[in-house]
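Biologist: I would like to learn how to read cavities, helices, cores and unusual backbone angles in a model. Could you walk me through them with an example?

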Amino acid sequence: MSTRIAFLKGHGTENDFVIVPDPENTIDLPAAVVAALCDRRAGIGGDGLLHVVRSAEHPEAAHLAGEAEWFMDYRNGDGSVAEMCGNGVRVFARYLQRAGHVTEGDLAVATRGGVKAVHIAKAGDVTVGMGKALLPEGDVTVSVGDRSWPARNVNMGNPHAVAFVDDLAHAGDLYSPPPFSPAAAYPSGVNVEFVVDRGPRHVAMRVHERGAGETRSCGTGACAVAVATARRDGADPGATGIPATYTVDVPGGTLVITEHSDGEIEMTGPAVIVAEGEIDADWLENAVG
């Protein structure tokens, strides 16, 4: 480990990340290190960590190197590995632009959830092709305290349970994962979204993310919410041939989600780099014991 390690801090609708540039994949980032960096009191603080690696240099992404030069090795705030993070992809793209690796326009980013098409607009927002939603069959229920709701099972490369509620306060504090049933529906845990209506094709949500607790925003969650809301509203672009666009308010801002007739979903929203600096290696070694 070098004496100092470069890092940046960024957010997308206040879903915030520690960014560790490591093109050649030379920095070891075990779960304890990631958790220490993401600690909001003793570390830098973040909902997750974006490890920036060239696809060809990472064993999980080498097979994608021909499609995407860069791999988003994403970790949750507790250090666990995650398949995808929609807000994270936008911030990842913003970092690549800031570092001079890419410019405005189109690029591809490799993730554990597949290669994602990204567009960096001149106006500043970033659009990410989030792929297609899977809608597994079967009834799911989520609970908070003595309240329970039916939930829509939506998979965006990671699992989601979307529950429509009368008041977002009914989601409780979201410090702990809301219980769900049946357990077999989500063997590796689940991101749980609580949703209320704000107007025509306009909803608001709160979310408990696996490994992070409540976050200010969740990109894949916003996509799952848009798809679940569209189906609740009787809108299926695959059947009608008409794209469905929903505005999704999250505690940290607003995302716009469009599901196209071929099932592909696009998410548009802001991505901001707020700081950069260096991690002291001595602190890091002491932090993880």
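Modeller: Here is a tour of the cavities, one helix, the cores and a few loop residues.

Modeller: This is a predicted model, in which local features need pLDDT of at least 70 and side-chain atom pairs count only at pLDDT 80 or more, while totals for chains, interfaces and linings use all residues. Residues are numbered from 1 along each chain as its sequence is written, and side-chain values use heavy atoms, with hydrogens and water left out.

Biologist: Let's begin with empty space. How many cavities of 30 Å³ or more does the structure hold?

Modeller: The general idea is that rolling a probe the size of a water molecule over the atoms shows where empty space is left. On a 1 Å grid over the protein atoms alone, a cavity is a set of points where a 1.4 Å probe fits but cannot get out, and lining residues have an atom within 4 Å of a point. Grid points are joined across faces, edges and corners, and the volume is the space filled by probe spheres set on the points. With those rules, there are 2 cavities of 30 Å³ or more here. The largest has a volume of about 90 Å³, and the second largest about 30 Å³.

Biologist: Which residues lie nearest the centre of the largest cavity?

Modeller: Those are Asn-76, Met-84, Asn-158, Asn-191 and Glu-209, out of 13 lining residues. To sort a lining by class, count Ala, Val, Leu, Ile, Met, Phe, Trp, Tyr, Cys and Pro as nonpolar, Asp, Glu, Lys and Arg as charged, and the others, Gly among them, as polar. The largest cavity then has 5 nonpolar, 5 polar and 3 charged lining residues.

Biologist: And what lines the second largest cavity?

Modeller: Its lining consists of Ala-226, Val-227, Ala-230, Ala-244, Tyr-246, Ile-257, Thr-258 and Glu-259. By class, that is 6 nonpolar, 1 polar and 1 charged. Helix 3 (219-232), strand 15 (244-250) and strand 16 (253-259) each supply at least two of these residues. Helices (H or I, at least four residues) and strands (E, at least two) are DSSP runs, numbered from the N terminus.

Biologist: Helix 3 sounds like a good one to practise on. How do its end C-alpha atoms compare with the expected span?

Modeller: The expected span of a helix is 1.5 Å times one less than its number of residues. For the 14 residues of helix 3 that gives 20 Å, and the end C-alpha atoms are 20 Å apart, so the two agree. Just after helix 3, Gly-234 takes a positive phi of about 85 degrees.

Biologist: Is helix 3 mostly covered or exposed?

Modeller: Buried means under 20% relative accessible area, exposed over 50%, and partly exposed in between (1.4 Å probe, protein chains only). Helix 3 is mostly covered, with 12 of its 14 residues buried; Gly-219, Cys-223 and Ala-230 are among them.

Biologist: Which residues touch the most other members of the largest nonpolar core?

Modeller: A nonpolar core is a set of buried Ala, Val, Leu, Ile, Met, Phe, Trp, Tyr and Cys residues joined through side-chain atoms within 4.5 Å. In the largest one, of 52 residues, Met-72, Met-205 and Ile-257 touch the most other members. Helix 3 gives the largest share of this core, 8 residues. A second, separate core has 16 residues, including Val-142, Trp-149, Ala-151 and Ala-204.

Biologist: What does Ile-257 contact?

Modeller: Contact means heavy atoms within 4.5 Å. Leaving aside neighbours within four places in sequence, the partners of Ile-257 include Ala-222, Cys-223 and Ala-226, as well as Ala-244 and Tyr-246.

Biologist: Now the loops. Is Met-156 buried or exposed?

Modeller: Met-156, in the loop between strand 9 (147-155) and strand 10 (159-164), is buried, with a relative accessible area of 1%. Beyond four places in sequence, Met-156 touches residues including Met-130, Thr-220 and Ile-265. For contrast, Asp-166 counts as exposed because its relative accessibility is 77%.

Biologist: Where is the cis peptide bond?

Modeller: The cis bond joins Ser-181 and Pro-182, with omega at about -5 degrees. Pro-182 sits in the loop between strand 11 (180-181) and strand 12 (191-199).

Biologist: Which phi value does Leu-174 have?

Modeller: Its phi is near 60 degrees, a positive value in a residue other than glycine. Leu-174 is buried, at 3% relative accessible area. Glu-14 also has a positive phi, near 70 degrees, but Glu-14 counts as partly exposed at 35% relative accessibility.

Notes
On a 1 Å grid over the protein atoms alone, a cavity is a set of points where a 1.4 Å probe fits but cannot get out, and a pocket is an open set with protein on both sides within 12 Å along at least five of seven lines; lining residues have an atom within 4 Å of a point.
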